[in-house]
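Ready to work through a structure one exercise at a time? Have a look at what follows, then try each task before you read its solution.

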Amino acid sequence: MYDFLYLALLAGLGVAIVAGPMGSLVVWQRMAYFGETLAHGALLGIALGMWLAWSSSLAVIVVCLLIAALLITFESQQMLATDTVLGILSHSSLALGLIALTLIPGVRTDMEALLFGDILTVTVAEVTLVWLMAGGVLAALWRLWPMLLSITVHEDLARVEGVPVERLKIVLKLLLALVVAISMKVVGVLLITALLIIPAATARHFAKTPEQMASLASVVAMLAVCAGLAASWWVNTPVGPSIVVSASVFFVVVFLGRGRQV
Amino acid sequence: MNNPAVLRQPADASMTALIELQGIGKSFATRPVLQAVNLNLLPGRIVTLIGPNGAGKTTLVKIVLGLLQPDCGRVQRSAQLQIGYMPQKLYIDPTLPLQVERFLQFANADTVECLAALERVGIAHLMKQPVSGLSGGEMQRMLLARALLRKPNLLVLDEPVQGVDVTGQEALYQLIGELRDELNCGILMVSHDLHLVMAATDEVVCLNQHVCCHGTPQQVSVDPAFVALFGAKTALYTHDHDHEHDLHSGVVHGPRSAPCQQDSLRNGFPDKGSTHGGVVSSALQGKNQADV
């Protein structure tokens, strides 16, 4: 009877689990702006998907990977600061995506659903894709975790110790692109970074090790998904923003609680 | 502080170099940073790179570490070369919760090895502490422990006493000297400090895009190229070390409590035995006054 609700919950939890460790890495490596850029690029991906009649998930993944590749190329040129390059890529792709979507003949896109998520309309196929990709990303992160931490702490030191730093950084960006692609349906392009960063920042207060932070961040993200869906169900608020607001509330509570202890 | 390293004999020429650099040149864009630099690192010898900012010290260290490729010249590494690297500074983002033990484990070490390395550098009690709470000296010792875990035959130490107070610097240099003796490893150090490091060094290489001069600390400190680079007021001094320092930087007077004598006119080799030689740069003197 409430199938759509269970599907929404399943999709949200799948994204939340992978958002924990990925979000922690984004926070540690200060890749928030990069995540934002990928998210904006996702909109362009949707447009591309409609033009070419591809599945939107596939198109989003392709465009995210393309943006990641562009950024890696620009970074290696070292002509502009990374945040400048990100600013160019981010806003160009957002603007281009918005224009492309309005130009598609005969299609009236629900812009709000794209920008802020539309988790209540996920299909079984989409939920399956979310879990498959979340599982894949988690497996990759699990395998590479010690090396990813090592380059987070000190790149040159890791390099001297034989860690393939450049390759890892590329892999991390590609993994982030995958996470953005599956998060899109849940919270929309404008709120994806929030889902990555806020749970990780909330978990930081309780964590003594990087692993504790990553797994606690997953828990916080999952709680936020449940709370957001519940709010949406009872108070009839939009789901994506409700999830992000729930996460923010957790963060504020923890932040204030910490202040009291000190 | 007896047995100053400066009294060591130059290493046997037949000894195989851990790493040998010949005619190294490196430019960034069109700006030359290194020109025709030769460097030879041997087991059991401490070589210190000194030079002003922008002299190419970091670039040369990166070439030794294999992080940068030179534009020209030859780098020959011994097949057994195993480098332990201590970076100049470690900034750990406060959002990353990390304990000292975990930091050391990145060097592929188990708990027992980590503890042994921490014990060797004298901070075993900090094993479970968060890295972000360490003092400057503790941080440097932790970095040194991680370098040791690589079981190195060459230690590359970039400004190893940065952010450490003068007493701590002396202790750290002493530890580095002991490690050299224990491991018989080669050590390449980078330093700004001309005072304490001289006493802990076998060979000084004075770098300013090219090698201005090199040799024992005594030879280098009277070299015209060195004096030109660091100023005429830079002079060799010797002093009798008549007191010991306790752990709180206080001076514990020994039997002879005559004040230390600084003889800025003395340009020869320092007396052997209870004295050690070093160089005081006038610019650095303020910082080191407490110890002189």
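**Exercise 1. At what angle do helix α2 and helix α3 of chain A pack, and which residues make the contact?**

Step 1. Find the two helices: α2 covers residues 32-52 of chain A and α3 covers residues 56-77 of chain A. Helices here are DSSP runs of H or I with at least four residues, strands are runs of E with at least two, and both are numbered from the N terminus.

Step 2. Read off the geometry: the angle is about 135°, and the axes lie 7 Å apart. Axes are lines fitted to C-alpha atoms, for helices over the stretch in contact, and angles run from 0 to 180 degrees between N-to-C directions.

Step 3. Put a word to it: α2(A) is therefore oblique to α3(A). Under 35 degrees would count as roughly parallel, over 145 as roughly antiparallel and 65 to 115 as roughly perpendicular, with the rest being oblique.

Step 4. Name the contact residues, where contact means heavy atoms within 4.5 Å. On the α2(A) side they include Phe34(A), Leu38(A), Gly41(A), Ala42(A) and Gly45(A). On the α3(A) side, Ala59(A), Val63(A), Cys64(A) and Ile67(A) are among them.

Step 5. Add the hand: α2(A) and α3(A) make a right-handed crossing. That means the near helix is turned clockwise from the far one by less than a right angle; anticlockwise would make it left-handed.

Before you go on, a word on the ground rules. This is a predicted model, so local features need pLDDT of at least 70 and side-chain atom pairs count only at pLDDT 80 or more, while totals for chains, interfaces and linings use all residues. Residues are numbered from 1 along each chain as its sequence is written, chains are lettered from A and ligands numbered from 1 in the order in which they are written, and side-chain values use heavy atoms, with hydrogens and water left out.

**Exercise 2. Now follow α3(A) to helix α4 of chain A: at roughly what angle do they cross?**

Step 1. α4(A) spans residues 82-103, and its axis crosses that of α3(A) at roughly 150°, coming within 10 Å.

Step 2. The pair is therefore roughly antiparallel, and this crossing is right-handed.

Step 3. Look at who meets whom: Ile67(A), Leu70(A), Leu71(A), Phe74(A) and Glu75(A) from α3(A) face a set in α4(A) that includes Val85(A), Leu86(A) and Leu89(A).

**Exercise 3. How many disulfides does a search of the whole structure find?**

Step 1. Set the test: a disulfide is a pair of cysteine sulfur atoms within 2.5 Å.

Step 2. Run it over all chains, and the answer is 0.

Step 3. Check two cysteines anyway. Cys64(A) is buried, at 0% relative accessible area, while Cys226(A) is partly exposed at 34%. The cut-offs are under 20% relative accessible area for buried, over 50% for exposed, and partly exposed in between (1.4 Å probe, protein chains only).

**Exercise 4. Is Leu115(A) buried or exposed, and which residues does it touch?**

Step 1. Place it: Leu115(A) sits in helix α5 of chain A, residues 111-116.

Step 2. Its relative accessibility is 16%, so Leu115(A) counts as buried.

Step 3. Skip the neighbours within four places in sequence, and Leu115(A) has contacts with Leu43(A), Val187(A), Gly188(A), Val189(A), Leu190(A) and Leu191(A).

Step 4. Try a distance too: Leu115(A) and Ala42(A) are 73 residues apart in sequence, yet 10.0 Å apart from C-alpha to C-alpha.

**Exercise 5. In what order do the strands of the open sheet β2-β1-β4 in chain B pair, and which are the edge strands?**

Step 1. The 3 strands are antiparallel, in the order β2-β1-β4. β2(B) and β4(B) are the edges, each pairing on one side only. The average twist from one strand to the next is 20°.

Step 2. Count bridges; strands pair if DSSP finds at least two between them. β1 (residues 19-28) and β2 (residues 31-41) of chain B share 7, with Ile19(B) partnering Leu41(B). β1(B) and β4(B) (residues 72-77) share 5, and here Gln22(B) partners Arg74(B).

Step 3. Check the hairpin of β1(B) and β2(B): 2 residues lie between the strands, and Ala29(B) has a positive phi near 55°.

Step 4. Finish in β2(B) with Ala36(B). Its phi is positive, about 45°, although Ala36(B) is not a glycine, and at 60% relative accessibility Ala36(B) is exposed.
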